[in-house]
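This report describes the nonpolar packing, one histidine and one helix pair of a protein model.

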Amino acid sequence: RGWAEVTFDGAAAQKLEGGGDDLLDQILDRARIGAAAEMLGMASQAFDVTLAYLKQRVQFNQVLSSFQALQHRMADLFGEIELMRSAVENGLTALDDKRGDIAMAASQAKAVANDAIHHMSKEAVQLHGGIGMTDEYDIGFYLKRARTLEQLWGSSAFHRERFARLNDY
């Protein structure tokens, strides 16, 4: 990812209709929904990688995926990812349909995605055990990327507060 600092000191500009803070919020909402979609893809991939690992790793002469406690953890993660998918798809649909609730859908998608990717990446590393944080396995990179994405374009707390304000709570 390339980052840059762009300044417009002394640049000629004219105010566009619908410009200003509202225009910036519209652009940021698209970025938020895009980040949430990236987190959904990352969470799905981390889930698949973790499930494959649990199906092949043997401990105490049993495959790890046969342990009921690990099955429950994976089932919880699957449910969270599906909730995340619904929120992200709602945000994308709001954009496609040019609905009036894009800001609310963006904040909802980003808050849900932040929480889900945080839990999924943490659990994925734990379910891999100590090897999860080594460079031998990519799963540790998911955790690091997740922490960056969680803060990009607003944390969960920011988006919950924004969603509440948009709904006059």
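In which helix is H159 found? H159 is found in helix 5, residues 156-166, where helices are DSSP runs of H or I with at least four residues, numbered from the N terminus. The model is predicted, so local features need pLDDT of at least 70 and side-chain atom pairs count only at pLDDT 80 or more, while totals for chains, interfaces and linings use all residues. Residues are numbered from 1 along each chain as its sequence is written, and side-chain values use heavy atoms, with hydrogens and water left out.

H159 counts as buried because its relative accessibility is 1%; buried means under 20% relative accessible area (1.4 Å probe, protein chains only). A polar atom of the H159 side chain lies 2.9 Å from the backbone oxygen of W153.

The table lists contacts (heavy atoms within 4.5 Å), leaving aside residues up to four places away in sequence.

| Residue | In contact with |
|---|---|
| H159 | R32, S107, K110, A111, W153, G154 |
| I117 | M39, M42, A43, M84, A146, R147, E150 |

The largest nonpolar core (buried Ala, Val, Leu, Ile, Met, Phe, Trp, Tyr and Cys residues joined through side-chain atoms within 4.5 Å) has 30 residues, of which L54, M84, I117 and M120 touch the most other members. Helix 1 (21-56), helix 2 (68-97), helix 3 (102-128) and helix 4 (139-151) each give two or more residues to this core. The largest share, nine residues, comes from helix 1. Another core, of six residues, lies apart from it and includes I33, A94, I102 and A105.

The axes of helix 2 and helix 3 come within 8 Å and cross at roughly 155°. Helix 2 and helix 3 are therefore roughly antiparallel, a term for angles over 145 degrees.

Conventions: Buried < 20%, exposed > 50% of the residue type's maximum accessible area, 1.4 Å probe, protein only. Polar contact = N/O pair within 3.5 Å; in protein donor to acceptor, adjacent residues only side chain to side chain. Axes fitted to C-alpha atoms, helices over the stretch in contact; angles between N-to-C directions. Parallel < 35°, antiparallel > 145°, perpendicular 65-115°, else oblique.
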